[in-house]
Structures are given as C-alpha cells and as structure tokens.
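This report looks at charged side-chain pairs in a protein model and at the setting in which they are found. The structure is shown first, and the description follows.

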Amino acid sequence: MSRLEDRKLAKEGRHVEAASRQSAVMAVTPGVVASLDLGASKIGCFIMKPDGVRSADHSIRVAGVGFVQSRGVRAGNIIDMEAAATAIAQAVERAEAMANVSVQGVRVSVPGAQTASHRVFAQVSVGVKPISDDDLNRAIASGLAQVRFPNRRPIHLLPVSWAVDGHSGVRDPRNLTGRTLGLELLVVTIDENVFNNIMQCVGMAHLEVQAIVSAPLAAAVAALEEDEKELGCICIDMGASCTTAAVFYGGALVHVDCLNVGGSHVTADIARGLSTTLVGAERVKTLHGSAIASSNEDREMVEAPPRGDDAGAPPISVPRSILKGIIAPRVEETFELLREKLKASGVPIDPGAGIVLTGGASQLAGVRELAIRVFDRPVRLGKPKRVPHLADAAAGPAFAACAGVILRTLYGPRDVVPARKIMTARLSPKDAPSAAKGHLVSRVVEWLKQNL
C-alpha cells in the first residue's frame with residue numbers, strides 16, 4: 001500500500017485502516033537518512049541508505065531520488081495543504097521505490113524567504129584560569145538565554161567564533177587562560193505559523209519531520225569547498241521564487257539573507273513581454289534564454305506559443321535579442337538588490353571573498369558573467385560536489401539543497417543543541433539554559449571536533 005493510497009484512505013475517513021497499513025509500511029531500515037526540499041518549482045527527495053557510511057572525502061551515496069512538480073507551495077509557505085501533502089507523498093514514494101526502503105522521517109529544507117538570521121553575543125567571567133568545558137557550557141547557555149524572537153522558531157543554533165579577553169577569532173578556547181570568554185552565536189529562525197504548517201503538511205503525507213534546515217545553508221554545504229568557507233565566500237542560491245545568500249567568514253556561517261525574486265519572475269517577464277503562456281515562456285527561457293549578448297542574436301529568431309485557445313493562431317516569432325533584453329535587466333536587478341541587502345546587513349564579508357552560484361535559475365546562460373559585473377568578485381557555478389553516482393537529472397545545481405541536508409546530517413556544521421530539542425523546546429528565555437543542560441557539554445565538544 002503506497003503513501004498516496006494511505007492518504008486516500010485517510011481522506012475518506014478510514015483513519016484506522018490507513019494507520020495500520022502505514023505502520024506496516026514503516027518497518028523501516030535503521031540509519032536511513034531522507035531529505036525533502038520544498039521548492040517553488042519542484043519538491044525533491046533524496047534517500048541515503050545506512051551503507052552510505054562516512055567517507056574520508058566527505059562524500060555520500062544517494063540510493064533513491066524522487067521529485068515532482070511543486071504544488072501547494074510558494075516560497076516555502078504552504079498555500080494548499082492537500083496539494084502540497086500529495087506532492088510530498090509522491091516525491092518520497094518515488095525515492096523509496098528507487099532505494100527499495102521505506103522512510104518514516106524526513107529532514108525538510110525550506111527556502112530562505114521564510115527564514116532570518118540573527119547574531120547573538122554573550123560573555124561570561126571565567127577568572128584567571130584555563131578555560132574548561134563547563135565555561136563553554138555557561139557561555140552558550142548565556143547566548144541561548146538571549147534568543148528572544150516573538151512569533152519565530154529557532155531552527156539553527158550555530159557557534160560562529162569565540163573570544164578570550166576580547167581577542168576574537170579563537171577557534172578552540174579550551175585550556176587557554178583568560179578572565180572572560182566571549183561567544184558569537186548565529187541563530188536562524190522561521191516564522192512560527194510557517195513552521196506549524198510545514199509540520200502539519202508533512203504529517204498529512206504520513207511522515208515525521210526530524211529537522212527543518214534553512215535551504216541557503218544546505219545549498220552552501222553541498223556546493224562550497226572547505227577553502228572557500230575559510231577564505232570567505234557568498235553562496236547565492238537562485239531558486240524559482242527567491243534568491244538567497246549564505247555568507248561564510250573565517251570558516252563559519254555568519255549570515256543568511258533572502259530576496260523574494262527568482263527564476264519564476266524571469267519567466268513571468270518573458271510571458272508578459274512576448275504575450276505568450278507561462279509554459280511557453282519557461283520553454284523559451286530554457287532553450288534560448290541568455291543574460292548576455294551573443295553573435296547573430298538580431299538575426300536568430302525564437303518562437304513561442306500565443307495565448308488563448310485559437311488553435312489556428314501562428315506562433316509568436318521574435319529576434320533572440322528581444323529575449324535577452326527581457327532577461328538581462330531582471331537578473332541584473334536581482335543581483336544589485338541582493339548586493340545592497342548584504343551591504344545594509346553589516347555582515348563581515350572578506351574583501352577577497354568569492355561567489356558561488358547554485359540553484360536551478362543559476363543554469364541560465366550569462367548569469368555568471370552578470371554576477372561578476374555586479375559584485376566585482378570572482379564567480380563560479382556550483383553544484384553538489386560530494387554526491388557521486390547521481391543521474392544527470394538530479395546532479396545539477398537545482399538539487400544542491402537536497403544533497404546538502406544529507407551532507408550536513410553526516411558531516412556538519414552542527415548546532416549546539418540537537419534539532420529535535422530545538423523544535424520541541426522552542427528555547428524561550430525561560431527554558432533556554434535547561435534545554436541546553438545535559439547535552440550541551442557533549443555537543444560543544446562534538447562541535448569543536450567536527451567544525452574546527
């Protein structure tokens with residue numbers, strides 16, 4: 001019995017039968033990791049079997065891939081619960097069939113349009129003595145006590161850097177002698193209502209949400225090299241409904257930002273400019289679209305279907321230069337707006353930091369060249385590098401977030417509090433220290449080992 005059939009039983013009111021069948025389906029293999037990407041153009045799922053163990057080069061082997069056209073989702077927000085739940089079930093079911101496993105829980109990546117990052121600073125007195133794990137515990141608990149964001153839910157709690165006696169940039173403060181220990185903590189939050197809607201929608205697909213991951217972070221994990229993170233880098237994920245940026249400085253994620261403009265806006269511009277359908281505009285953009293000038297573009301003609309139901313109407317035919325004239329201004333404006341948003345954020349960006357473009361919209365010809373012109377920095381195109389053996393259809397930049405969720409699960413960067421505890425405790429000022437207590441020291445030590 002498939003997930004879709006179980007959903008049909010549940011919709012018909014036969015909840016007991018559906019639940020019993022689902023429990024039989026969920027005789028899952030321990031160790032399976034599944035990621036779910038709630039994109040505006042597609043909903044994708046990657047499944048890694050437990051035999052995909054950690055490797056020296058931090059690569060993974062994906063056993064199952066499934067994706068369907070996105071329905072009921074816009075910029076990571078659920079706008080049609082039934083349609084979105086059905087699409088999620090279809091994508092996961094296809095990945096399960098390929099991997100020959102059943103999954104019970106998924107780690108969901110959500111676009112940056114629904115997330116925001118906040119930097120929290122904390123400082124504790126340690127006395128003139130070597131710094132211990134308990135001191136790190138107190139510093140992080142002090143930082144967590146400042147996580148006060150009304151109507152928003154923390155989904156990531158990532159240490160950025162430590163400082164001893166005001167000297168920043170300390171990688172591992174343990175055993176250093178000082179009077180004060182400072183901590184910079186990056187908190188990524190999501191709107192509370194969006195969080196609840198995602199939990200409910202995934203639950204309607206008979207799945208459990210094991211974690212919610214910011215898509216910009218996930219895409220950066222998949223597309224960036226370690227040297228790029230260390231030297232400073234901006235990973236720009238160009239999706240269908242939004243363009244996001246994950247900024248790395250000194251090896252750590254320091255900022256996440258988003259602009260609500262993406263590839264679908266380019267498609268809409270083409271549809272308006274050429275008086276064609278959205279489907280026809282997407283096809284023209286994919287086959288002939290470019291953001292830079294090319295030779296013979298004035299003489300090369302492109303065709304698009306007209307709007308309306310007149311079967312005898314001839315196709316619309318325009319020079320390719322007209323198409324470029326529609327695409328280039330929108331892409332250039334997107335980069336300029338994102339550049340200004342990053343400047344206004346005050347986030348530290350290394351002068352020599354490069355840019356890595358990923359996401360489905362980054363595959364449009366000429367996008368890299370426009371990015372170089374706008375940002376005046378070196379730019380390269382990125383795709384999941386540590387996920388070999390994927391079919392071409394799932395190996396491109398559009399699937400960076402899906403791959404990044406699994407890579408992050410195995411190799412980090414880690415949150416200082418487990419994802420499950422963040423999602424259930426909500427880490428309000430009252431319970432932040434108690435939420436951290438017990439697991440925090442071991443998590444700090446693990447974070448230091450795996451991220452420094």
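With which residue does glutamate 282 form a salt bridge? In this predicted model, the partner of glutamate 282 is lysine 285, and the closest N and O atoms of the two are 3.4 Å apart. Both residues belong to helix α9 (residues 278-288), where they are three residues apart, about one turn of the helix. Their surroundings can be described separately: glutamate 282 is partly exposed at a relative accessible area of 35%, whereas lysine 285 is buried, with a value of 11%. Salt bridges with shared partners also join Asp269, Arg272, Arg330 and Glu333 into one network.

Two further pairs involve aspartates 133 and 135. The side chain of lysine 129 meets that of aspartate 135 in a salt bridge with an N to O distance of 2.9 Å. Lysine 129 is partly exposed, its relative accessible area being 33%, while aspartate 135, at 4% relative accessibility, counts as buried, because buried means under 20% relative accessible area.

In the other pair, arginine 174 and aspartate 133 meet through their side chains at 3.9 Å, N to O, which falls within the 4 Å that defines a salt bridge. Arginine 174 lies in the loop between β9 (167-170) and β10 (177-191), and aspartate 133 lies in helix α4 (residues 133-144), so this salt bridge ties together parts that are 41 residues apart in sequence. Arginine 174 is partly exposed at 23% relative accessibility, and aspartate 133 is likewise partly exposed, with a relative accessible area of 29%.

The three pairs are listed below with their N to O distances.

| Salt bridge | Distance, N to O |
|---|---|
| Lysine 129 and aspartate 135 | 2.9 Å |
| Glutamate 282 and lysine 285 | 3.4 Å |
| Arginine 174 and aspartate 133 | 3.9 Å |

These pairs are among the 19 salt bridges counted in the model. The protein as a whole has a secondary structure of 15 helices and 18 strands, and of its 452 residues, 53% count as buried. Among contacts in the protein with a separation of 6 or more, 71% are accounted for by residues 24 or more positions apart. The surface that the protein exposes comes to about 19,300 Å², of which carbon and sulfur atoms supply 51%.

Notes: Residues are numbered from 1 along each chain as its sequence is written. This is a predicted model: local features need pLDDT of at least 70, side-chain atom pairs count only at pLDDT 80 or more; totals for chains, interfaces and linings use all residues. Side-chain values use heavy atoms; hydrogens and water are left out. Buried means under 20% relative accessible area, exposed over 50%, partly exposed in between (1.4 Å probe, protein chains only). Helices (H or I, at least four residues) and strands (E, at least two) are DSSP runs, numbered from the N terminus. Contact means heavy atoms within 4.5 Å. Accessible areas come from the Shrake-Rupley method with a 1.4 Å probe; for residues, only the protein chains shown count as cover.
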